[in-house]
2 protein chains.
Amino acid sequence: MATTRDTRLAVAVHILTLLAQQSEEDPLTSEYIAGSVNTNPVFIRRVLGLLSRAGLVASQPGVGGGWRLQRDAASISLLDVYEAVGAGPLLALHHRQPNPDCLIGRNIQRTLLHYFGEAEVAFKQMLARQTIAQVLERAREGELSPPA
Amino acid sequence: MATTRDTRLAVAVHILTLLAQQSEEDPLTSEYIAGSVNTNPVFIRRVLGLLSRAGLVASQPGVGGGWRLQRDAASISLLDVYEAVGAGPLLALHHRQPNPDCLIGRNIQRTLLHYFGEAEVAFKQMLARQTIAQVLERAREGELSPPA
DNA sequence: TCTATCCGTAACCAGTATAGTTTCAGATCA
DNA sequence: TGATCTGAAACTATACTGGTTACGGATAGA
């Protein structure tokens, strides 16, 4: 199956939140994590590979091995995670170069880059204020409120 | 060809900017617009259909027909356009339901919805401040600066 | 040293979305 | 009546996401 949209950020945050509630001495395997996310271990390892390259997690192979956080959950912002999974720009420009013989055509892309860029900055600034520790806390709080 | 990312917002803003510099009596055809965007008229008409349903443009069939703005360019924000083209949420959640037997699994999606939602609001608030009139003005300004 | 476990990665596949293309019915105007 | 333009359907090529299988290499423990 595929349902097509990129879910790597959601999965990455899920993974990091799992690791954040785990003790240092008890790493989680990609198999276990896949069970919580409800997907397959290979996809989890692919995402963990991105997080590892960004220095957010580290792995240990072999019996009793698995993954653990490399940084305090309160120091990992969602922007860190967003950048770690390497998502492209939020808004795409034209696939093909617009017509350079047209006033709008030859200026639109630079202009869009400016305005789209401002919106993306606002988006990232908000992500920068949110941390894995907050996500974990809020997920725990969800348990307290009576189920609807 | 396809290059896959959704370019409808970029194309929609391009279209509206073209129409914004056009006089009321001289509508533009989808064929002409396609020439500026450098794509085919059918795709342009598909996007124009969305803008039309949102009340931003109107069409007239027949000889001398075409498209014109229905609202002042200064009153059309990029958020209006964004919503008109009906883009989905910026950040996807998991494709499959996470494991409900896991604390994180059963709370992560609601939690992500909250934090992702805040980032999306910030993004949209910025788009709401930008107008087609500004885009047109900035595209014209680009002409004045010496080419690099 | 041997074996079980776990990572790391490649390869391949299925499902889906974008947008290019062709085609044609219907509206409008001269 | 005929030229022009919209509106929409149908089909296609391309590319992306993530599911799946497979296997090499590292590690720990018996």
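How do the residues of the surface near DNA strand D divide into nonpolar, polar and charged? In this predicted model, there are 11 nonpolar, 14 polar and seven charged ones.

**View 1. Here's the surface near DNA strand D.** Zoom in on the 32 residues around the strand, and you'll find that T7(A), T39(A), N40(A), R45(B) and W67(B) come nearest. Helix α3 (41–53) of chain A supplies at least two residues of this surface, and so does each of α3 (41–53), β1 (57–60) and β2 (66–69) of chain B. Look at the DNA side too: 64% of the strand's atoms within 4 Å of the protein belong to sugar or phosphate, and the rest to bases.

**View 2. Now for some phosphate contacts on DNA strand D.** T7(A) has a polar side-chain atom 2.3 Å from a phosphate oxygen of the strand. For N40(A), the matching distance to a phosphate oxygen is 3.0 Å. Chain B joins in with S59(B), which has a polar side-chain atom 2.8 Å from a phosphate oxygen.

**View 3. Meet an aromatic cluster made of Y82(A), F123(A), Y82(B) and F123(B).** The rings of Y82(A) and F123(A) sit with their centres 5.7 Å apart and their planes at 70°, so this pair is edge-to-face. Y82(A) belongs to helix α4 and F123(A) to helix α5 of chain A, 41 residues apart. F123(A) is buried, at 0% relative accessibility. F123(A) and F123(B) have ring centres 6.4 Å apart and planes at 80°, so they're edge-to-face as well. Each lies in helix α5 of its own chain, so the pair joins two chains.

**View 4. Last up is the largest nonpolar core, with 92 residues.** L51(A) and L51(B) have the most contacts inside it. Among the residues L51(A) touches are L16(A), V57(A) and V85(A).

Definitions and conventions: Residues are numbered from 1 along each chain as its sequence is written. Chains are lettered from A and ligands numbered from 1 in the order in which they are written. Side-chain values use heavy atoms; hydrogens and water are left out. A residue is near a molecule or strand if one of its heavy atoms lies within 4 Å of it. A polar contact is a pair of N or O atoms within 3.5 Å; within protein, one must be able to donate a hydrogen and the other to accept it, and residues adjacent in sequence count only if both atoms are side-chain atoms. Helices (H or I, at least four residues) and strands (E, at least two) are DSSP runs, numbered from the N terminus. Ala, Val, Leu, Ile, Met, Phe, Trp, Tyr, Cys and Pro count as nonpolar, Asp, Glu, Lys and Arg as charged, and the others, Gly among them, as polar. A nonpolar core is a set of buried Ala, Val, Leu, Ile, Met, Phe, Trp, Tyr and Cys residues joined through side-chain atoms within 4.5 Å. Buried means under 20% relative accessible area, exposed over 50%, partly exposed in between (1.4 Å probe, protein chains only). Contact means heavy atoms within 4.5 Å. Rings of Phe, Tyr and Trp (its six-membered ring) pair if their centres lie within 6.5 Å; planes under 30 degrees apart count as stacked, over 60 as edge-to-face and the rest as tilted. Lists of a residue's contacts leave out its neighbours within four places in sequence.
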